[in-house]
Amino acid sequence: MVTFTLNGQERTFDGDPDTPLLWVIRDFEKLTGTKYGCGVAQCGACTVHLDGMPRRSCVTPIATIEGSDVVTIEGVSGKEADAVKTAWAGLDVPQCGYCQSGQVMSAVALLQMVPKPTDDDIDGAMTGNICRCATYHRIRAAIHNAANSMEG
């Protein structure tokens, strides 16, 4: 049995310890905002925060998160999350929207670590978050807008 915190609430999972965190979140906890994209940690659609750091949940066995804190798109909060969500909506970042929960989770983590990111910081943090609609310019602009909105 694995015990962990999910969006602020303690949870336990007593299934196969090799089950990817993504499937525990989606199938057992019924939180469907975290998406399945590739299953090999290459697209970023499944990004969650694990103990405050972005993590690809599709390749994270549930057994490895005992005692950890997991935050999904449904539970992400704070000034960075609010700023990113506002900037995303303000610039109409999503096109199809499928990748956006992973994009938002990576952007929030970036701003938590680097409050005033450069283009290089953004490119580095967002590498591996694939957008098939190619909204990368809007994503970068939204991250800059979010950072600017949090200033003094």
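Buried means under 20% relative accessible area, exposed means over 50%, and partly exposed is what falls in between (1.4 Å probe, protein chains only). This is a predicted model, so local features need pLDDT of at least 70 and side-chain atom pairs count only at pLDDT 80 or more, while totals for chains, interfaces and linings use all residues. Residues are numbered from 1 along each chain as its sequence is written, and side-chain values use heavy atoms, with hydrogens and water left out.

**Exercise 1. Work through the salt bridges, starting with E151 and K116.**

Step 1. Get the criterion straight: a salt bridge is a side-chain nitrogen of Lys or Arg within 4 Å of a carboxyl oxygen of Asp or Glu. Searching the whole structure with it turns up 4 salt bridges.

Step 2. Take E151 and K116: their closest N and O atoms are 3.0 Å apart. This pair links distant parts of the chain, since E151 sits in the segment after α5 (136-149) and K116 in the loop between α3 and α4, 35 residues apart. For the element names, helices (H or I, at least four residues) and strands (E, at least two) are DSSP runs, numbered from the N terminus.

Step 3. Check the accessibility of both ends. E151 has a relative accessible area of 47%, so the label is partly exposed. K116 gets that label too, with 48%.

**Exercise 2. Find out how D119, D123 and R140 are linked.**

Step 1. Begin with D119, which forms a salt bridge with R140 at 3.7 Å between the closest N and O atoms. Here D119 belongs to helix α4 and R140 to helix α5, 21 residues apart.

Step 2. Now do D123: the salt bridge to R140 has its closest N and O atoms 2.5 Å apart. D123 lies in helix α4 and R140 in helix α5, so this pair ties together parts 17 residues apart in sequence.

Step 3. Look at the accessibilities. D119 is partly exposed at 36%, D123 is partly exposed at 34%, and R140 is partly exposed at 26%.

Step 4. Put the pairs together: D119, D123 and R140 form a network of salt bridges.

**Exercise 3. Which residues does E80 contact, and where is the nearest side chain of opposite charge?**

Step 1. Place E80: it's in helix α2 (residues 79-90).

Step 2. Look for a charge partner, counting Lys and Arg as positive and Asp and Glu as negative, with His and the chain ends not counted. E80 is buried yet has no salt bridge, and the nearest side chain of opposite charge, K79, is 4.5 Å away.

Step 3. List the contacts (heavy atoms within 4.5 Å). Skip neighbours within four places in sequence, and E80 touches V108, L111, Q112 and M150.

**Exercise 4. Describe how α3 packs on α4, then how α2 packs on α5.**

Step 1. Set up the geometry: axes are lines fitted to C-alpha atoms, for helices over the stretch in contact, and angles run from 0 to 180 degrees between N-to-C directions. Under 35 degrees counts as roughly parallel, over 145 as roughly antiparallel, 65 to 115 as roughly perpendicular, and the rest as oblique.

Step 2. The axes of α3 (residues 100-113) and α4 (residues 119-126) come within 9 Å and cross at roughly 130 degrees. That makes α3 oblique to α4. The residues in contact are Q103, S106, A107 and L110 from α3, with D121, I122, A125 and M126 from α4.

Step 3. For α2 and α5, the axes come within 8 Å and cross at roughly 130 degrees. These two helices are therefore oblique to each other as well. A83, V84, A87 and W88 of α2 meet I139, A142, I143, N145, A146 and S149 of α5.

**Exercise 5. Is S68 buried or exposed, and what does S68 touch?**

Step 1. Locate S68 in the loop between β4 (53-56) and β5.

Step 2. Relative accessibility is 8%, so S68 counts as buried.

Step 3. Not counting residues up to four places away in sequence, S68 touches T3, F4, T5, L50 and D51.

**Exercise 6. Find what covers the buried residues of α1.**

Step 1. Pick out the buried residues in helix α1 (residues 21-28): L21, L22, V24 and I25.

Step 2. Their cover includes β1 (2-6), β2 (9-13), β3 (47-50) and β5 (69-71).

Step 3. Finish just past the helix: α1 is followed by K30, whose phi is positive, near 60 degrees.
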